[in-house]
Amino acid sequence: MSPRMPAELRVLRDLFQLCDPPPGQVRTAGYAAAGMARGRSDAAALELVGDSADAPASVRSSASGEAEPRVLTFLMPGRVVELDLVPMVEGLFRASGMVISRAGQGRPEGEVLLRHPGGQCVAELDRFGAFRATDVPAGPLGVVFRQVGSAPAVADWLVC
């Protein structure tokens, strides 16, 4: 489970595992179902490691009065995906970002999919690894990085 899990939940988990552990096949079935829920069982994890929404709220608003962008940072083997969600009009965001290669990795090629209940927005990577998508609706959002020649990397859904 997440290292950010509250201590109370860790104690409760340990109590259940000690007093009433699940049968092995139930755990295996649960992990298989979680893989299917992600869309593909061979999909790599795209782990959310940074979210500006988790930062303490600033005391003063920005000087221009504009809403601050939400900055999300995802990590996967060999790559970092930075995503900025900028509010445009009520209920819509502009998404832009960059896929950054770690040392020794080639130039990233592929696309970033921003899945939402009404469909998905596709943002192609340019030659520098940058991408942009407009009219991303507010609400549940799933991020997928489809790298050319590799299985897609899928992040857990979040709400923007």
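These exercises walk through the sheet, the salt bridges and the surface of one predicted model.

Residues count from 1 along each chain as its sequence is written, and side-chain values use heavy atoms, with hydrogens and water left out. Because the model is predicted, local features need pLDDT of at least 70 and side-chain atom pairs count only at pLDDT 80 or more, while totals for chains, interfaces and linings use all residues.

**Exercise 1. Trace the open sheet: what is its strand order, and which strands are the edges?**

Step 1. Fix the terms. Strands (E, at least two residues) and helices (H or I, at least four) are DSSP runs, numbered from the N terminus. Two strands pair if DSSP finds at least two bridges between them.

Step 2. Read the order. The open sheet has five strands, E2-E3-E4-E5-E8, with antiparallel pairing.

Step 3. Find the edges. E2 (47-51) and E8 each pair on one side only, and these are the edge strands.

Step 4. Add the twist. From one strand to the next it averages 25 degrees. Axes here are lines fitted to C-alpha atoms, for helices over the stretch in contact, and angles run from 0 to 180 degrees between N-to-C directions.

**Exercise 2. Count the bridges: how many join E2 to E3, E4 to E5, and E5 to E8?**

Step 1. Start at E2. Four bridges link E2 to E3 (residues 70-76) in the antiparallel sense. Leu48 stands opposite Phe74 in E3.

Step 2. Move to E4 (residues 79-87) and E5 (residues 92-101). Nine bridges hold this antiparallel pair. Val81 has Val99 in E5 as its bridge partner.

Step 3. Look at the turn. The hairpin of E4 and E5 has four residues between the strands, and Gly91 there takes a positive phi near 85 degrees.

Step 4. Finish at E8. E5 and E8 are antiparallel over six bridges. Gly97 is partnered by Phe131 in E8.

**Exercise 3. Find the salt bridges of the whole structure, and say which residues are buried or exposed.**

Step 1. Set the cut-offs. A salt bridge is a side-chain nitrogen of Lys or Arg within 4 Å of a carboxyl oxygen of Asp or Glu. Buried means under 20% relative accessible area, exposed over 50%, and partly exposed in between (1.4 Å probe, protein chains only).

Step 2. Count. The search finds three.

Step 3. Take Asp51 and Arg70. Their closest N and O atoms are 2.5 Å apart. Asp51 lies in E2 and Arg70 in E3, so the pair ties together parts 19 residues apart in sequence. Both Asp51 and Arg70 are buried.

Step 4. Take Arg146 and Glu111. The closest N and O atoms are 2.1 Å apart. Arg146 is in E9 (residues 140-147) and Glu111 in E6 (residues 110-116), so this pair ties together parts 35 residues apart in sequence. Arg146 is partly exposed at 36%, and Glu111 is buried at 12%.

Step 5. Take Asp14 and Arg13. Here the closest N and O atoms are 3.4 Å apart. Asp14 is partly exposed at 38%. Arg13 is partly exposed at 27%.

**Exercise 4. Inspect Asp135: where is it, and what is the sign of its phi?**

Step 1. Place it. Asp135 sits in strand E8 (residues 130-137).

Step 2. Check the backbone. Asp135 is not a glycine, yet its phi is positive, about 55 degrees.

Step 3. Check the surface. Asp135 is exposed because its relative accessibility is 52%.
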